[in-house]
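Q: I'm new to this one and would like to learn how to read it. Could you walk me through some features, starting with the general idea each time?

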Amino acid sequence: MSRMSQLVEAIMADPQNAAYTKAGIEPLFTAPKTARINIVGQAPGIRAQDTRLYWNDPSGDNLRDWLGIDRDTFYNSDKIAVIPMDFYYPGKGRSGDLPPRKGFAQKWHPLILQELPDISLTLLIGNYAQHYYLKQQASVKLTDNVRNYKDFLPDFFPLVHPSPRNNLWQAKNPWFKKDVLPDLRKHVKEILDS
């Protein structure tokens, strides 16, 4: 049994995840040994969990467009890891999905990342990923991180969530499409072509 298979078994056996395991729901992430780019978002949405395919929605379509890659590269190249802050759909809140569970990433991300020696860039999508990986206080604004993305290169690239619900944010921040996305595509292409 591979180390990654052992980790999946350990995640499923963790009492924190007992309700999901009992319901037959496996953790949703992918971590190919040959991955070059890691995508860290919040948690799978209900559609992703139901279809067993991460970023399988309009947000995923937008994300792939932002990265300048097609579905086949995203899902089948073994160069993309998707390791969200929680591997299970957390449920619905009053204004959208609930946040990832506290302590989940701290427990599992380091163990998984030990198995991925070739990660060159980690995309941090949303506040939860950015605050955790950049070791920031909750008061740090996502817009500031995204605007100042160059400060976090070459290891991290902070992004707003690609949900169509964030079209208004993009309209208010035209520099994102003009400056950030072309640079993101350039970095992604260089890494995947190397």
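What follows is a short tutorial in questions and answers.

A: Happy to. Keep in mind from the start that this is a predicted model.

Q: Let's start with a strand. Is strand 5 mostly covered or mostly open?

A: First, the general idea: in a regular strand the side chains alternate between the two faces of the sheet. Now the case here. Strand 5 spans residues 121-125, and 5 of its 5 residues are buried, so "mostly covered" fits, given that buried means under 20% relative accessible area. Look at the two sides in turn: Leu121, Leu123 and Ile125 sit on one, Thr122 and Leu124 on the other, and both faces are covered.

Q: Which strands pair with strand 5, and in what sense?

A: Strand 1 is joined to strand 5 by 4 bridges, and the two run parallel. To find a spot to look at, take Asn38, whose bridge partner in strand 5 is Thr122. Strand 6 (residues 156-159) also pairs with strand 5 in the parallel sense, over 4 bridges. There, Ile125 has Leu159 as its bridge partner.

Q: On to a helix. Which residues of helix 6 are buried?

A: In helix 6, residues 104-113, the buried ones are Phe104, Ala105, Trp108, His109 and Ile112. They cover an arc of only 105 degrees around the axis, and that is why they end up on the same side of helix 6.

Q: What covers those buried residues of helix 6?

A: Among the elements that do so are helix 1 (3-13), strand 1 (37-40) and helix 7 (127-133).

Q: How do I read a pair of aromatic rings, and how many aromatic pairs are there?

A: In general, a pair of aromatic rings is described by the distance of the centres and the angle of the planes. In this model the count comes to 14 aromatic pairs. Take Trp169 and Trp175: their ring centres are 5.7 Å apart and the planes stand at 80 degrees, so the pair is edge-to-face. Both of these residues, Trp169 and Trp175, are buried. Trp169 also pairs with Phe176, with centres 5.3 Å apart and planes at 75 degrees, so that pair is edge-to-face as well. Trp169 and Phe176 are both buried.

Q: Which residues form an aromatic cluster?

A: One cluster is made of Tyr20, Phe29, Phe87, Tyr88 and Phe104. You've met Phe104 already, as one of the buried residues of helix 6.

Q: What lies over the face of Phe74?

A: That's Arg64, at 5.0 Å from the ring centre.

Q: Let's zoom in on single residues. Where is Asn173, and is it buried or exposed?

A: Asn173 is in the loop between helix 9 (167-172) and helix 10 (175-193). Its relative accessibility is 9%, so Asn173 counts as buried. Its side chain reaches the backbone oxygen of Trp169 at 2.8 Å. Setting aside neighbours within four places in sequence, Asn173 is in contact with Thr143 and Arg147.

Q: What about Val188: where does it sit, and what is it in contact with?

A: Val188 is in helix 10. With 2% relative accessibility, Val188 counts as buried. Leaving out neighbours within four places in sequence, its contacts are Ile37, Leu67 and Ile69. Compare chain and space for one of them: Val188 and Ile37 are 151 residues apart along the chain, yet their C-alpha atoms are separated by 7.8 Å.

Q: Last topic: the backbone. Which peptide bond is cis?

A: As a rule, most residues other than glycine have a negative phi, and most peptide bonds are trans. Here, a cis peptide bond joins Leu153 and Pro154, with omega about 10 degrees. Pro154 is in the loop between helix 8 (142-147) and strand 6.

Q: And where would I look for a positive phi in a residue other than glycine?

A: Try the loop between helix 3 (46-51) and helix 4 (58-67), where Arg52 lies. Phi of Arg52 is near 60 degrees. Trp55 is found in the loop between helix 3 and helix 4 too, and its phi is near 55 degrees. As for cover, Arg52 has 34% relative accessibility and so counts as partly exposed, while Trp55 is buried, with a relative accessible area of 12%.

Notes:
Residues numbered from 1 in each chain as written. Predicted model: local features only at pLDDT ≥ 70, side-chain atom pairs only at ≥ 80, totals over all residues. Heavy atoms only, no water. Buried < 20%, exposed > 50% of the residue type's maximum accessible area, 1.4 Å probe, protein only. Arc of directions from axis to C-beta. Contact = heavy atoms within 4.5 Å. Phe/Tyr/Trp six-rings, centres within 6.5 Å; stacked < 30°, edge-to-face > 60°. Lys NZ or Arg CZ within 6 Å of the ring centre and 35° of its normal. Pairing = 2+ DSSP bridges. Polar contact = N/O pair within 3.5 Å; in protein donor to acceptor, adjacent residues only side chain to side chain.
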